[in-house]
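Dear colleague,

I am passing on the structure below, together with a written account of what came out of going through it. Please read the text with the coordinates open beside it.

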Amino acid sequence: MIHLGFLASHGGSNVQAIIDAIKKGRLDAEACAVISNNSGAKVLERAKSEGVPHYHVSAKTAGSPEAADDEIISIFKKHGVDTIVLAGYMKILGEAVIKAFAGRVLNIHPALLPKYGGKGMYGKYVHEAVLAAGEKESGPTVHTVDEKYDKGRILAQKRVPVLPDDTSETLAERVLKEEHKIYADTLQKISTGEIVL
Ligand code: GRF
């Protein structure tokens with residue numbers, strides 16, 4: 001069983017999907033803690049109603065980006081986290097955190113990396129770029145995080161069609177649906193040892 005620590009900035013529908021998979025017995029993991037840099041994030045409410053310890057940590061609350069990293073590390077260590085799950089975390093994760101959980105920081109990106117990743121490629125901008133390029137397919141990528149965002153090892157991808165009348169919203173919705181499945185499925189493969197981090 002793996003012990004998950006989540007970092008998320010907004011809605012946290014991926015965090016919810018992973019918690020639901022645990023509850024349904026599809027994922028052999030424990031949701032140990034949720035941290036958000038945003039005090040008003042819905043993900044904190046979700047954690048509260050699921051009984052998962054949750055924290056608001058930002059450079060502002062901690063005093064500096066480095067102090068925030070230290071706090072993130074100590075919260076996750078305190079709760080026995082062995083694997084960090086980024087789910088819509090809008091901050092660049094500090095090197096200290098990446099080092100403390102070396103090779104065990106995961107992210108989900110809403111496009112088929114290595115395409116449409118990197119600087120400025122988040123949220124609707126990803127889907128807008130996919131549509132502007134006339135791609136016929138898109139879909140989520142689960143990958144490990146190292147010091148360079150969106151550049152880690154690709155662990156899983158799922159292709160979905162891009163339809164002729166898609167907007168960034170309809171495409172985002174189709175991709176997000178698959179994110180909810182593929183993130184939990186990939187974590188389960190890590191838990192069983194089918195994927196070795
Ligand atoms: C997802 O589209 C994910 O790919 C991206 O941020 C979004 C998070 O959505 N990294 P949610 O907060 O999990 O609903």
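Thr186 sits in helix H7, which covers residues 168-192, and in this model, which is a predicted one, Thr186 counts as buried because its relative accessibility is 2%, where the limit for that class is under 20%. Once the neighbours within four places in sequence are set aside, the residues in contact with Thr186 are Val142, Leu155, Ala156 and Ile195.

A second buried position is Ala47, whose relative accessible area is 2% and which belongs to helix H2, residues 42-50. Not counting residues up to four places away in sequence, Ala47 touches Val34, Val52 and His54. For a distance to go with that list, the C-alpha atoms of Ala47 and Ile35 are separated by 9.4 Å, with their positions 12 residues apart along the chain.

Ala102, by contrast, is exposed, with a relative accessible area of 56%, and is found in the loop between helix H5 (95-100) and strand E5. From Ala102 to Pro161 the separation is 59 residues in sequence and 34 Å in space, taken C-alpha to C-alpha.

Turning to the chain as a whole, the protein has seven helices and nine strands. The radius of gyration is 16 Å, close to the 16 Å that the globule rule gives for 197 residues, so the chain is as compact as a globular protein of that length. Along the principal axes, the C-alpha trace spans about 50 × 35 × 30 Å. Of the 197 residues, 47% count as buried, and among the contacts between residues at least 6 apart in sequence, 65% join residues that are at least 24 apart. The chain exposes about 9600 Å², of which carbon and sulfur atoms supply 53%.

As for charge, there are 25 positive and 25 negative side chains, and the centres of these two sets lie 1 Å apart. The structure holds seven salt bridges, and three of them are described here, beginning with the pair formed by the side chains of Lys115 and Glu135, which meet at 2.8 Å, N to O. Lys115 lies in the loop between strand E5 (105-109) and helix H6 (124-132), while Glu135 lies in the loop between H6 and strand E6 (137-138), so this pair ties together parts that are 20 residues apart in sequence. Lys115 is itself partly exposed, at a relative accessible area of 45%.

The side chains of Arg159 and Glu137 meet in another salt bridge, at 3.0 Å from N to O. Arg159 is in the loop between strand E8 (154-157) and strand E9 (160-161), and Glu137 is in strand E6, so here the parts tied together are 22 residues apart in sequence. Glu137 counts as partly exposed, at 39% relative accessibility.

In the salt bridge between Arg174 and Asp166, the closest N and O atoms are 2.7 Å apart. How do its two partners compare in burial, given that one is buried and one partly exposed? Arg174 counts as partly exposed, with a relative accessibility of 23%, whereas Asp166, at 11%, counts as buried.

Two details of backbone geometry deserve a check on your side, and both fall in the loop between E5 and H6, where Pro114 and Tyr116 are found. Most residues other than glycine have a negative phi, and most peptide bonds are trans. The bond that joins Leu113 and Pro114, however, is a cis peptide bond, with omega of about 10°. Tyr116, although it is not a glycine, has a positive phi of about 60°, and Tyr116 is also buried, with a relative accessible area of 18%, which is under the 20% cut-off. Lys115, described above for its salt bridge with Glu135, belongs to this loop as well.

With best regards

Definitions and conventions
Residues are numbered from 1 along each chain as its sequence is written. This is a predicted model: local features need pLDDT of at least 70, side-chain atom pairs count only at pLDDT 80 or more; totals for chains, interfaces and linings use all residues. Side-chain values use heavy atoms; hydrogens and water are left out. Helices (H or I, at least four residues) and strands (E, at least two) are DSSP runs, numbered from the N terminus. The radius of gyration is taken over C-alpha atoms; the globule rule is 2.2 Å times the number of residues to the power 0.38. Buried means under 20% relative accessible area, exposed over 50%, partly exposed in between (1.4 Å probe, protein chains only). Contact means heavy atoms within 4.5 Å. Accessible areas come from the Shrake-Rupley method with a 1.4 Å probe; for residues, only the protein chains shown count as cover. Lys and Arg count as positive and Asp and Glu as negative; His and the chain ends are not counted. The place of a charge is taken as NZ of Lys, CZ of Arg, CG of Asp or CD of Glu. A salt bridge is a side-chain nitrogen of Lys or Arg within 4 Å of a carboxyl oxygen of Asp or Glu.
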